[in-house]
Amino acid sequence: MKIAVLDDYQDAFRKLNCYSKLKGHDVVTYRDSVKEPAKLAERLNGAEAVILLQQRTPFPRAAAEKVTTLKLISQTGRNVNHIDVAACTEKGIVVCGSGAGLPNHTAELTWGLIFASLRHIPEEVQRFKAGQWQTTLGTTVVGRTLGIYAYGRIGSIVAQVGRAFGMKVVCWGREGSTGKARADGFEVAASREAFFENADIVSLHLPLNKETRGIIEHADLARMKPTALIVNTSRAPIVEQGALAKALKEGRPGFGAVDVYEDEPVLNGNHPLLKMDNVVCTPHLGYVDRDTYEKYYGAAIDGILAYAQGGPINVLNPEVLKK
């Protein structure tokens, strides 16, 4: 089969152990992103299968209707909100999705961002290289309040680390989330307003769906302390569009640490948060490590091999197989 691998930013795919399983297949990788449907369809011309890593490339109806040779989309993970599955089914394209990374990777980056911001690590590194010595005063976390919005797989790890550092951990979210937090001995805020008003650090760990899009509003952010830090390693659209940059410019909260953006990849420094001195930004690194790539890509490759052998697995639109 001819297989296209999209958005391989680091040119990492061929260097993974799981890549050897595709021996004998014609594999083409692309390091840049193409999102315009007609150009995406042109890129996939001749390919029978495509591997999509997370939600880096949307696959809308306009793309499904234009592809001519594509038979299989092998998605890493089971989140297919960025794929028009109905359109793929109509076109006879099988969509399969499987594999999951550990929550630890994003939780680790969350703490990396917290300390990078509070201890001014990026600035100090650059100024030290430029010949300067100790130009800022850092902030410790012990005794401060860590707010966890959504106590799930990732949020629970971040909370446990906060407890280990001697922080007061307060949680907020849906009833199921807060129930788990209480069961693990964590406090739940008296109200949404109190959650944002009292936290020294707010860390967001919500999945992106119809219910959570824009759930964090400017009014929430404006309640935060001018000394507070907000951290987002989840998805950018869970925050009301434009609200974070506006709030940070207004000084409530005083600081931000962000790993996710509305339209990715962000190139040429073209994002308002990158121009702000009170924000630490990373290019969506939460799940980007070798172990996670092996798991995600390995599962996607298994899906392709199963399809090639006539026994598709992890099919998310099984009705297409009846065509």
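**A seven-stranded parallel sheet and the cores around it**

In this predicted model, seven strands come together in an open sheet, ordered β8-β7-β6-β9-β10-β11-β12, with parallel pairing. The edges are held by β8 (187-188) and β12 (279-281), each of which pairs on one side only. Helix α6 (residues 153-164) packs on this sheet, where it touches β6, β7 and β9. The direction of α6 makes about 170° with that of β6.

The individual pairings can be followed strand by strand. Strand β6 (residues 145-149) is joined to β7 in the parallel sense over five bridges, and Thr145 has Lys168 of β7 as its bridge partner. Further along, β9 and β10 are also parallel, with four bridges between them; here Leu204 is matched with Asn232 in β10. Strand β10 is in turn linked to β11 (residues 255-258) by four bridges, again in parallel, and Leu229 stands opposite Phe255 of β11. Together with α10, the strands β10 and β11 make up a right-handed β-α-β unit.

Strand β10 (residues 229-232) deserves a closer look. Leu229 and Val231 point one way from the strand, while Ile230 and Asn232 point the other way. All four of these residues are buried.

Turning to the nonpolar interior, the largest core has 29 residues, and Tyr149 and Leu221 are those with the most contacts inside it. Two or more residues each are supplied to this core by β7 (168-172), α8 (192-198), β9 (201-204) and α10 (243-250). Of these elements, α10 gives the most, with five residues. Another core, of 24 residues, lies apart from the largest one and has Val141, Ile148, Met167 and Leu229 among its members. Such cores fit a broader pattern: in soluble globular proteins, nonpolar side chains tend to be buried together.

The surroundings of Leu221 can be listed in full. Leaving aside residues up to four places away in sequence, Leu221 touches Ile216, Ile230, Val239, Ala243, Leu244, Ala247, Arg252 and Pro253. Asp220 is placed in helix α9. With a relative accessible area of 6%, Asp220 falls under the 20% limit and is therefore buried. Its contacts, with the same sequence neighbours (up to four places away) left out, are Arg192, Phe196 and Ile215.

Lys210 offers a contrasting case. This residue sits in the loop between β9 and α9 (218-222), and its relative accessibility is 82%, so Lys210 counts as exposed. Between Lys210 and Gly138 there are 38 Å in space, C-alpha to C-alpha, for a separation of 72 residues in sequence.

Finally, the cysteines were examined. How many disulfides does the model contain? The count comes to zero. For Cys88, the closest cysteine sulfur is that of Cys96, at 11 Å; a disulfide needs the two sulfur atoms within 2.5 Å, so this pair is too far apart for a bond. Cys88 is nevertheless buried, with a relative accessible area of 0%. Cys171, at 0% relative accessibility, counts as buried as well.

Conventions. Residues are numbered from 1 along each chain as its sequence is written. This is a predicted model: local features need pLDDT of at least 70, side-chain atom pairs count only at pLDDT 80 or more; totals for chains, interfaces and linings use all residues. Side-chain values use heavy atoms; hydrogens and water are left out. A nonpolar core is a set of buried Ala, Val, Leu, Ile, Met, Phe, Trp, Tyr and Cys residues joined through side-chain atoms within 4.5 Å. Buried means under 20% relative accessible area, exposed over 50%, partly exposed in between (1.4 Å probe, protein chains only). Contact means heavy atoms within 4.5 Å. Two strands pair if DSSP finds at least two bridges between them. A crossover is right-handed if, with the strands pointing away from the viewer, the path from the first strand over the helix to the second runs clockwise. Axes are lines fitted to C-alpha atoms, for helices over the stretch in contact, and angles run from 0 to 180 degrees between N-to-C directions.
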